[in-house]
Amino acid sequence: MNSLRIEQDQNGIVHLVLDRQGASANLMDEQFAADLAQVVAQLQQMTYCGIIVRSAKSTFFAGGDLGKIAEVTTETGQPFFAMVESIKASMRALETGGKPVVACINGAALGGGWEVALACHHRIAFKHKSVKVGLPEVTLGLLPGGGGIARTVRLFGLKAAMPLLTEGKQFGVEKALKAGLLHELADTEPAMLAQATAFIQANEQVTQPWDMKGYRLPGGNPGSPKMAQMLAVAPAMLKLQTKGVLPAPEAILSAMVEGAQVDFDTACRIESRYFVSLVTGQVAKNLINTFWFQLNDIKAGASRPDGIAATTVTKVGVLGAGMMGAGIAYAAASRGIEVVLKDVSLDCAKKGKGYSETLLAKQLQRGRITADQQREILARIHPSEQVADLGGCELVIEAVFEQRQLKARVTQEAERHLPREAVFASNTSTLPITGLAKASERPSQFIGLHFFSPVDKMPLVEIICGEQTDSATLARAYDFVLQLGKTPIVVNDSRGFFTSRVFGTFTNEGIAMLGEGVSAAAIENAAFLCGFPVGPLAVSDEVSLTLMEKIRNQTIADLADEGIIQPPKAGDATIDRMIELERPGKLAGQGFYDYPPESKKRLWSGLEAQFYRAEAQLPLTEIKDRLLFIMAIETARCYDEQVLTSSRDANIGSIFGIGYPAWTGGALQFINQYGLGRFVARADELAERYGDRFLVPDSLRARADANQQY
Ligand code: NAD
């Protein structure tokens with residue numbers, strides 16, 4: 001046996017020790033299935049008074065082997081099903097053996113690990129912040145296929161089990177105890193074993209509640225009037241969240257409800273069937289690839305230059321205490337970094353600090369932080385109007401108005417007071433970094449750190465290397481972003497970098513369709529049904545059409561300086577018309593939408609008279625494809641031009657930064673899963689109908705011909 005072993009102690013208790021050889025964590029796979037079956041057979045020959053399930057690793061059990069799960073195809077679905085069923089049969093044998101089985105949870109028990117614990121009669125966890133329990137499978141497009149659905153439903157009832165299973169929440173030990181997931185906590189690991197021994201000695205025979213005579217499902221069976229009422233609306237509620245593009249929550253709900261109407265073993269088999277259908281589907285593969293492998297690579301420093309020692313920032317300067325500067329100051333201070341928040345006047349700077357005060361007050365009210373933590377974080381933010389206060393900052397981030405001359409001036413002023421090795425970063429969203437770096441005395445230490453709004457919620461930071469940015473500066477910027485708990489992607493300089501450039505194609509395409517006469521509601525709805533968080537018209541209102549016009553004019557002027565004539569974009573005329581109509585967006589109280597003070601925003605009724613043409617209506621799939629394709633094609637262009645240097649950064653950046661639908665696995669993964677040949681053919685079709693912006697770069701055609709994915 002290679003994944004676990006059994007030992008018997010002096011009290012006659014069997015210890016089932018999870019201890020995968022040659023690996024840092026315990027995994028649920030074929031080896032585990034075979035070993036567990038062998039243990040069950042061995043136990044039948046032994047005399048013992050109970051079982052303690054414990055881990056010899058620092059975590060309890062890591063769950064399924066995601067690398068292998070991602071490889072399962074419809075052809076290998078059947079053996080995978082058999083393996084899952086075998087693990088469940090062994091766990092069931094332990095659970096129904098009559099003797100008490102106790103889980104001693106010393107570290108994270110998530111997914112498959114928590115399913116092992118759920119099959120135990122009694123669960124004790126070590127009281128430590130590293131111990132987390134829960135079933136996060138849904139976040140990777142999967143479901144808990146190791147009996148997790150059958151047992152959670154029987155333990156808590158359908159209603160209470162629903163958020164545990166469909167939202168994938170993870171619990172710390174205190175919360176898990178309160179929620180009834182755990183039975184006991186232990187102060188130390190030896191104490192945990194002593195408590196487990198005491199439980200076994202006090203309970204000669206134990207049966208799971210659902211195996212007892214007269215067991216009733218908490219909260220009622222699916223057929224009970226109250227439950228039937230809830231279940232009638234549950235699919236619609238779920239669809240509102242999943243928009244119909246995420247199959248896992250829907251499969252979970254089906255497995256829950258179908259499983260609640262049959263015996264335990266049948267429920268487990270139903271669960272396995274749904275599990276295999278998700279595992280063999282494309283969405284789980286996309287999510288595992290991007291949200292597990294690629295994201296972990298980024299956290300491990302995949303795009304960080306090698307051979308440069310890790311750095312931490314202790315004091316950061318933020319220039320400009322407006323919307324972005326205030327958010328960046330909060331993000332840094334809440335991670336223990338001293339912040340000098342500088343604006344043109346002390347009042348402006350203090351106003352910027354006020355943003356943190358408001359956020360922290362809310363967190364205190366919700367019990368997320370203590371009053372001491374609130375005080376400490378605020379004490380780290382030093383509002384200032386004096387540039388000399390930047391002395392000693394290892395990093396400065398400027399977030400002043402988007403004006404080249406102003407940015408140049410604040411760069412030069414700040415550099416006079418900074419240590420020689422300090423990094424200077426710009427949070428510009430549109431101005432190329434190489435140009436801004438010209439104002440700097442040390443352009444090799446100049447870099448772009450593009451945060452997204454609102455900074456406290458948005459997980460991504462786009463790091464932009466200018467032509468002269470050196471590796472040490474990139475490494476320091478990368479470390480800083482990780483220090484903030486955010487996700488860095490690294491791109492090379494380009495107008496709009498990666499994210500703003502691709503985002504611009506989304507808004508332009510939506511507005512272009514409106515200009516062609518397509519119904520505004522159909523455009524917004526199609527975006528929603530694709531899985532975009534906001535429609536292109538709503539998000540354009542948020543950005544403001546005047547800002548879009550300003551950026552366009554700036555780009556035209558800049559390119560003209562380089563001798564390039566930029567042709568108008570498909571949405572430009574519609575933007576101009578809206579500005580003429582004095583409907584520039586949300587800030588002005590009216591744009592594509594109306595913003596009544598007392599109710600939700602709604603599409604402006606005048607759009608129909610302005611733009612709608614009955615003969616211009618498009619099928620839903622056409623609108624969806626135009627949005628998904630235009631962004632994917634622009635991403636492929638960024639890759640082609642080496643603005644992007646990895647599909648990893650493209651996928652993560654497109655989902656985390658600009659809302660490309662998560663089910664796709666990201667903008668380049670969307671092309672992979674569509675099939676490169678099919679993608680090119682469909683893009684050509686769209687180009688024929690709507691213009692050359694849908695033409696894919698030659699490198700993508702070549703990849704398709706060579707059958708090579710991104
Ligand atoms: P903002 O207008 O809210 O704030 C700008 C702040 O800079 C103001 O408080 C202003 O008083 C201050 N300022 C002006 N001159 C200064 C000086 N000499 N020294 C110090 N402070 C000075 O702007 P914002 O939305 O926070 O944007 C700031 C930067 O971030 C811009 O470059 C913008 O392109 C970029 N950005 C904005 C967003 C966004 O969603 N708003 C997103 C990413 C990046």
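The largest cavity of this predicted model is lined by L16, L18, F32, L36, V53, M91, L94, V101, V116, A119 and C120. Two or more residues of this lining come from each of β2 (13-18), α1 (30-44) and α3. By class, the lining of the largest cavity holds 11 nonpolar residues, with no polar and no charged ones. Its volume is about 90 Å³. In total, the count gives 5 cavities of 30 Å³ or more.

The second largest cavity encloses about 50 Å³ of space. Its lining consists of W114, G134, L135, T152, L164, K169, F171 and L181. These residues divide into 5 nonpolar, 2 polar and 1 charged.

Among the open spaces, the second largest pocket has a volume of about 1,100 Å³. It is lined by 45 residues, of which A62, G64, L66, L140 and L142 are the closest to its centre. Several helices take part: α2 (66-71), α3 (77-95), α4 (112-118) and α12 each contribute at least two residues to the lining of this pocket. Helix α12 provides the largest share, 7 residues. By class, the lining of the second largest pocket comprises 26 nonpolar, 12 polar and 7 charged residues.

The linings compare as follows.

| Space | Volume | Nonpolar residues | Polar residues | Charged residues |
|---|---|---|---|---|
| Second largest pocket | about 1,100 Å³ | 26 | 12 | 7 |
| Largest cavity | about 90 Å³ | 11 | no polar | no charged |
| Second largest cavity | about 50 Å³ | 5 | 2 | 1 |

Helix α12, which gives 7 residues to the lining of the second largest pocket, also takes part in a helix pair. Helix α12 (residues 282-299) packs against helix α26 (residues 647-658) at an angle of about 115°, and their axes are 10 Å apart. Angles of 65 to 115 degrees count as roughly perpendicular, and α12 and α26 are therefore roughly perpendicular to each other. Their crossing is left-handed. On the α12 side, the contact is made by N289, T290, F291, Q294, L295, D297 and I298; on the α26 side, by S647, R648, D649, N651, I652, I655 and F656. By class, this contact has 6 nonpolar, 5 polar and 3 charged residues.

A further helix pair is formed by α19 (residues 499-516) and α21 (residues 536-543), which pack at an angle of about 115° with their axes 9 Å apart. The crossing of α19 and α21 is left-handed. Helix α19 contributes F503, F506, T507, G510, I511 and L514 to the contact, and helix α21 contributes P536, L537, V539, S540 and V543. The contact of α19 with α21 has 8 nonpolar, 3 polar and no charged residues.

Two features of the backbone complete the account. S453 and P454 are joined by a cis peptide bond, with omega at about -5°. P454 belongs to the loop between β15 (446-451) and β16 (460-465). F497, a residue other than glycine, has a positive phi, near 50°. This residue, F497, is located in the loop between β17 (487-492) and α19.

Terms used
Residues are numbered from 1 along each chain as its sequence is written. This is a predicted model: local features need pLDDT of at least 70, side-chain atom pairs count only at pLDDT 80 or more; totals for chains, interfaces and linings use all residues. Side-chain values use heavy atoms; hydrogens and water are left out. Axes are lines fitted to C-alpha atoms, for helices over the stretch in contact, and angles run from 0 to 180 degrees between N-to-C directions. Helices (H or I, at least four residues) and strands (E, at least two) are DSSP runs, numbered from the N terminus. Angles under 35 degrees count as roughly parallel, over 145 as roughly antiparallel, 65 to 115 as roughly perpendicular and the rest as oblique. A crossing is left-handed if the near helix is turned anticlockwise from the far one by less than a right angle, and right-handed if clockwise. Contact means heavy atoms within 4.5 Å. Ala, Val, Leu, Ile, Met, Phe, Trp, Tyr, Cys and Pro count as nonpolar, Asp, Glu, Lys and Arg as charged, and the others, Gly among them, as polar. On a 1 Å grid over the protein atoms alone, a cavity is a set of points where a 1.4 Å probe fits but cannot get out, and a pocket is an open set with protein on both sides within 12 Å along at least five of seven lines; lining residues have an atom within 4 Å of a point. Grid points are joined across faces, edges and corners, and a volume is the space filled by probe spheres set on the points.
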